[in-house]
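Open the model in your viewer and keep the selection panel handy. We will go from one stop to the next, with a note on what to select and what you will find there.

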Amino acid sequence: MKILTEQLLSVIQESANRMAKTKKEEKTFDFYAEVKPYVDKISALLDEWEVLAKKWISTCRPKYLYPQQIETAKDHIENIAIQSFFHDTSQTRFNNRKQSAEYTLKYLLSEVQNKVAEKKEKAEK
C-alpha cells in the first residue's frame, strides 16, 4: 500500500505539471488516444489502492483517518488526472482537489509509518 500511495502522489504531481503546461500552451489532447488510456491506467491503480487503504484502516484503526476520506481522495485524484488534460479547467478547483488528495495520501503514509514503528518497538521489548 505504501508503494501505491507514493505512486499516487507522483500521479498528482505529474497531473499538476501537465495542467500548468496545458494552461500555458492551451494545448488540446486527443481524448481516445491520450486521455482515456491514461485515466484507465490511473483508475486501475486507484481501485487497487482504495481496497488496500480501506482494509488497512479497518485493521489498524488510525486516528482521524476514515474510509470516506479514501473515497474522496480517490475521486479527487481521478478528477485531477482527467482535468489536467483540459486547458479550460478551473485552476482553483484543480488546486483544491490536489491539496485535499495530497493531504490524505501524506497523512495515510505517516500513519502507516507510525504503525510500523510501533510494531517494531513492541517486538524489541
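Begin by selecting Lys54 and Glu50: the two form a salt bridge, with their closest N and O atoms 3.2 Å apart. A salt bridge here is a side-chain nitrogen of Lys or Arg within 4 Å of a carboxyl oxygen of Asp or Glu. Both residues sit in helix H2, four residues apart, or about one turn of the helix. Helices (H or I, at least four residues) are DSSP runs, numbered from the N terminus.

Before going on, a word on what you are looking at. This is a predicted model, in which local features need pLDDT of at least 70, side-chain atom pairs count only at pLDDT 80 or more, and totals for chains, interfaces and linings use all residues. Residues are numbered from 1 along each chain as its sequence is written, and side-chain values use heavy atoms, with hydrogens and water left out.

Now colour by confidence, using pLDDT, the predictor's confidence in each residue from 0 to 100. The protein averages 95, and 99% of the residues score at least 70. Confidence is lowest in helix H4 (residues 91–124), at a mean of 92, and highest in H3, at 98.

**Back to Lys54**

Is Glu50 buried or exposed? Glu50 counts as buried, at 15% relative accessibility, while Lys54 is partly exposed at 25%. Buried means under 20% relative accessible area, exposed over 50%, and partly exposed in between (1.4 Å probe, protein chains only).

Add Glu71 to the selection: its side chain meets that of Lys54 in a salt bridge (2.7 Å, N to O). Lys54 lies in H2 and Glu71 in helix H3 (residues 67–83), so this pair ties together parts that are 17 residues apart in sequence. Glu71 is partly exposed, at 34% relative accessibility. Extend the selection once more, to Asp47 and Lys74: salt bridges with shared partners join Asp47, Glu50, Lys54, Glu71 and Lys74 into one network.

**Elsewhere on H2**

Next, select Lys36 and Asp40, whose side chains meet in a salt bridge (3.0 Å, N to O). Both lie in H2 (residues 31–60), four residues apart. Lys36 is partly exposed at 36% relative accessibility, and Asp40 is also partly exposed, at 40%. Across the whole structure, a search finds seven salt bridges.

**Into the core**

Hide the charged side chains and select Leu8, Tyr38, Ile42, Trp49, Ile77, Leu105 and Leu108. Of the 32 residues in the largest nonpolar core, these touch the most other members. Such a core is a set of buried Ala, Val, Leu, Ile, Met, Phe, Trp, Tyr and Cys residues joined through side-chain atoms within 4.5 Å. Helix H1 (2–25), H2, H3 and H4 each supply at least two residues of this core, and H2 gives the most, with ten.

Zoom in on Ile42. Leaving aside neighbours within four places in sequence, Ile42 is in contact (heavy atoms within 4.5 Å) with Val11, Ile77 and Ala81.

**Along H3 and over to H4**

Select H3 as a whole: its buried residues are Ile70, Ala73, Lys74, His76, Ile77, Ile80, Ala81 and Gln83. They pack against H1, H2 and H4.

For the last stop, pick Tyr103 in helix H4. Tyr103 is exposed, with a relative accessible area of 55%. Draw a C-alpha to C-alpha distance from Tyr103 to Ala73: the two are 8.9 Å apart in space and 30 residues apart in sequence.
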